[in-house]
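Visitor: I'm new to this one, so could you walk me through it slowly?
Guide: Gladly; let us put it on the screen and begin with one side chain.
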Amino acid sequence: MGLASARQTLNVVIMSQPIEVDLLIVGAGPTGLYAAYYAGFRGLSVAIMDSLPQAGGQISALYPEKMIYDVAGYPEIKGQLLVDALVEQVAPFEPQYLLGHRAESLVSTEDYVDVGSHRDLTVRAKAVIITGGIGTFTPRPLPDAETYEDHGLRYFVPKLDDLKGLDVLIVGGGDSAFDWAQSLEPIAKSITLIHRRDKFRAHEGSVAKVLAGPTEVMTPWEVGRIIGDPDVTSVEIFHSGNADRRTLQIQSVVAALGFTADLSAFATWGLEQHKRHIVVDPTMRTNLTRVFAAGDIIDYKDYWDAKVRLISVGFGEAATAVNNSVVTIDPTKKVFPGHSSDPH
Ligand SMILES: Cc1cc2nc3c(=O)[nH]c(=O)nc-3n(C[C@H](O)[C@H](O)[C@H](O)COP(=O)(O)OP(=O)(O)OC[C@H]3O[C@@H](n4cnc5c(N)ncnc54)[C@H](O)[C@@H]3O)c2cc1C
């Protein structure tokens, strides 16, 4: 499954009804996605909540086009292709993706855990695994452009087809900006990419591809103001080094200016924390009943310098967390899942 198709498949879920599942995973980064696979393999119904409108966590948000060299079994793999493979691996178990929902509250009881999102969705689960990584990501906003959100200004493009036939302005010089340009080239009518510096932070290979393609790349240029009422109809841009100004006929602006990360949501849930990380024991249990955690967000109790924040480590912790949650959910079950290669 390619980048474009993965992004289009996992649409933002808008729900107001309470839902019930065996296992809720908070965080759809690589750790959460792999945990969802393992939950399916163990026969649990599973939902994955993420504040972002896309799965993939840090990989999809920060370095989708970068090569990763230290994931077991892959001598090298492009970030987004790893995410696509994780999404594909869990797909047969039909997890419920609750994208665009920031988990804000958690109440754990002897029998269940309730998690509430900022859009008033409540999920009741028999166990929860928190795989919140470095926290919720908020896109860095384009200054003075708030009124154009939902009127042509976007920070994500979960459905590429929404930009079909439009003149698109992409703002930014990192991997995401170049990734959006490549994904949108076959769909948009025209693409202009502007960046306020002459140098890009994006992977050299993606920059070279975009420079060789139909996207017009302009540096060093910045957004002056967006024009249109209420929808974007044009954008005034200015040259960072002189007074040169131009007005581009644009119907959609994609701002890819990076993200800020925020872990504060978890601080009010009664979880034991160490330097803002969630403390777990070797079974990945937290101090709260029926609540587990795995991946970048954790620290190991009493071994404060032992945690290694890498994708491969998160995968192992995901399997440990799920297999131990299975026994919490049904004490007649075993922690060891058997082998996936065994006939079943
Ligand atoms: C530039 C860069 C390069 C890297 N390169 C490598 C590499 O080569 N190899 C390697 O192994 N690792 C690498 N890493 C680290 C790797 O990306 C992380 O270890 C990995 O992403 C951790 O996965 P995770 O699922 O635990 O957390 P994350 O990837 O951070 O995912 C957490 C998810 O939880 C969501 N979330 C957080 N809080 C909430 C909430 N309250 N409600 C709902 N959702 C929430 C977030 O939106 C996010 O999607 C790199 C990191 C960066 C930044």
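Visitor: How does R102 count by relative accessibility, buried or exposed?
Guide: R102 falls in between: its relative accessibility is 31%, so it counts as partly exposed, where buried means under 20% relative accessible area, exposed over 50%, and partly exposed in between, with a 1.4 Å probe and protein chains only. This is a predicted model, in which local features need pLDDT of at least 70 and side-chain atom pairs count only at pLDDT 80 or more, while totals for chains, interfaces and linings use all residues. Residues are numbered from 1 along each chain as its sequence is written, and side-chain values use heavy atoms, with hydrogens and water left out.

Visitor: And which residue forms a salt bridge with R102?
Guide: That is E104, with the closest N and O atoms 2.8 Å apart; a salt bridge here is a side-chain nitrogen of Lys or Arg within 4 Å of a carboxyl oxygen of Asp or Glu. E104 has 39% relative accessibility and therefore counts as partly exposed.

Visitor: What does D114 pair with?
Guide: The side chain of D114 meets that of R124 in a salt bridge, at 2.8 Å from N to O. Because D114 lies in strand β7 (residues 113-117) and R124 in strand β8, the pair ties together parts that are 10 residues apart in sequence; strands (E, at least two residues) are DSSP runs, numbered from the N terminus. D114, at 18% relative accessibility, counts as buried, whereas R124, at 32%, counts as partly exposed.

Visitor: Which residues do salt bridges with shared partners join into one network?
Guide: They join R225, E236 and R245. By this rule, the count of salt bridges comes to 10.

Visitor: Changing topic, how much space lies in the largest pocket?
Guide: About 890 Å³, the volume being the space filled by probe spheres set on grid points, which are joined across faces, edges and corners. A pocket is an open set of points on a 1 Å grid over the protein atoms alone, where a 1.4 Å probe fits, with protein on both sides within 12 Å along at least five of seven lines; lining residues have an atom within 4 Å of a point.

Visitor: What lines the largest pocket?
Guide: Its lining has 30 residues, of which S51, P53, P139, Y155 and F156 lie nearest the centre. The largest share, 4 residues, comes from β9.

Visitor: Where does the largest pocket lie?
Guide: It lies between domain 1 (3-137 + 260-329) and domain 2 (141-257), because both give residues to its lining; the domain bounds come from an automatic or database domain assignment.
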